[in-house]
Amino acid sequence: METDGYLERIRIVLVDTQDGANIGSVCRAMKTMGITDLAIVGDRKYDEDRVRTLALHASDVWENAKRFPTLSEALSDSIFTVGATRRRGKFRKLSAYSPEQLSEKVSALPEGRISIVFGRESDGLRDDEVQQCAAIVTIPTSDAFPSLNLSQAVQIICYVLFNSALVYKQGMVPVSHEKARESAEEISSHLQKMGYYKLADEEKWTQQLIGDIIERAALSGEELRRFEKIFRKAELIALHKKDNS
């Protein structure tokens with residue numbers, strides 16, 4: 001799947017992660033979204049089995065991860081640094097990017113590394129760590145339970161960056177208004193050949209109704225083709241029964 005080049009410039013920075021299993025989950029979350037540059041800040045030792053079990057086929061991200069004793073060293077060669085946090089305060093940032101806004105910002109930046117920093121599982125990034133970043137990104141969550149698991153937060157940010165980088169966007173493309181009307185006319189003709197219409201103007205308003213429904217349903221081209229096929233087969237079945245009656 002083709003993407004533009006900026007994913008190679010993204011570095012995920014984990015600060016003092018407490019559990020190796022979470023690092024493994026982060027590796028998997030990153031690699032599924034085409035991001036493989038991982039930096040780990042701190043001197044903790046991690047259980048290799050816990051990391052690799054959760055990383056699964058993304059163990060290479062763990063194997064190639066860079067280790068830094070301090071956050072400032074991890075960020076030293078980046079042109080743009082972002083801390084992932086939902087908390088605000090006197091010594092934190094006044095405003096935050098949403099993940100979508102961050103992807104727009106990142107895609108417009110000149111060449112250079114972009115570091116996105118994630119804090120501890122227990123309490124996230126400290127004030128002094130947020131201050132070392134130029135900006136913050138906040139993932140919208142429910143007030144009833146706003147806390148995200150570390151790997152979940154990394155997955156969401158990486159997904160938005162990946163989706164924005166796609167040369168050809170994934171997702172359904174609805175048929176046009178013109179195609180919806182053409183399809184309605186075709187379906188109506190099948191109904192007419194089956195002897196469906198009995199009243200004056202019934203064909204006209206039925207065709208209009210079908211076209212409106214197709215357009216409001218925002219069907220894809222393939223879905224519409226299958227929808228039309230239902231009526232073609234119904235017509236053939238009706239004519240076959242008529243010939244054999």
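**Helix packing and the largest pocket**

Helices H5 and H7 are oblique to each other, because their axes cross at roughly 50°, an angle that falls neither under 35 degrees nor within 65 to 115. The model in which this arrangement appears is a predicted one. H5 covers residues 99-107 and H7 covers residues 150-165, and their axes come within 9 Å, with H5 passing H7 in a right-handed crossing. On the H5 side the contact is made by Pro99, Glu100, Leu102, Ser103 and Val106, and on the H7 side by Ile157, Val160, Leu161 and Ser164. Sorted by class, the residues of this contact comprise six nonpolar, two polar and one charged.

Further along the chain, helix H8 (residues 177-193) makes contact with two other helices, H9 and H10. With helix H9 (residues 202-217), the axis of H8 comes within 8 Å and crosses at roughly 135°, which makes H8 oblique to H9. The crossing in which H8 passes H9 is right-handed. From H8, the residues that meet H9 are His177, Ala180, Arg181, Ser183, Ala184, Glu185, Ile187, Ser188, Leu191 and Gln192, while H9 contributes Glu203, Thr206, Gln207, Gln208, Ile210, Gly211, Asp212, Ile214 and Glu215. The contact of H8 with H9 has six nonpolar, eight polar and five charged residues.

The second partner of H8 is helix H10, residues 221-243, and here the two axes come within 9 Å and cross at roughly 15°, so that H8 is roughly parallel to H10. H8 passes H10 in a left-handed crossing, whereas it passes H9 in a right-handed one. In this contact Lys179, Ser183, Glu186, Ile187, His190, Leu191 and Lys193 of H8 meet Leu224, Phe227, Glu228, Phe231, Arg232, Glu235 and Leu239 of H10. By class, the contact of H8 with H10 divides into six nonpolar, two polar and six charged residues. Ser183, Ile187 and Leu191 of H8 are listed in the contact with H9 and also in the contact with H10.

From the helix contacts we turn to the empty space in the model. The largest pocket has a volume of about 470 Å³, and 22 residues line it. Among these, Ala84, Thr85, Arg86, Gly124 and Leu148 lie nearest the centre of the pocket. The lining as a whole is mixed in class, with nine nonpolar, eight polar and five charged residues.

Key
Residues numbered from 1 in each chain as written. Predicted model: local features only at pLDDT ≥ 70, side-chain atom pairs only at ≥ 80, totals over all residues. Heavy atoms only, no water. 1 Å grid on protein atoms, 1.4 Å probe; cavity = no way out; pocket = protein on both sides within 12 Å on 5 of 7 lines; lining within 4 Å. Points joined across faces, edges and corners; volume = space filled by probe spheres on them. Nonpolar A, V, L, I, M, F, W, Y, C, P; charged D, E, K, R; others polar. Axes fitted to C-alpha atoms, helices over the stretch in contact; angles between N-to-C directions. Helix = DSSP H or I, 4+ residues; strand = E, 2+ residues; numbered from the N terminus. Parallel < 35°, antiparallel > 145°, perpendicular 65-115°, else oblique. Left-handed = near helix turned anticlockwise from the far one by under 90°. Contact = heavy atoms within 4.5 Å.
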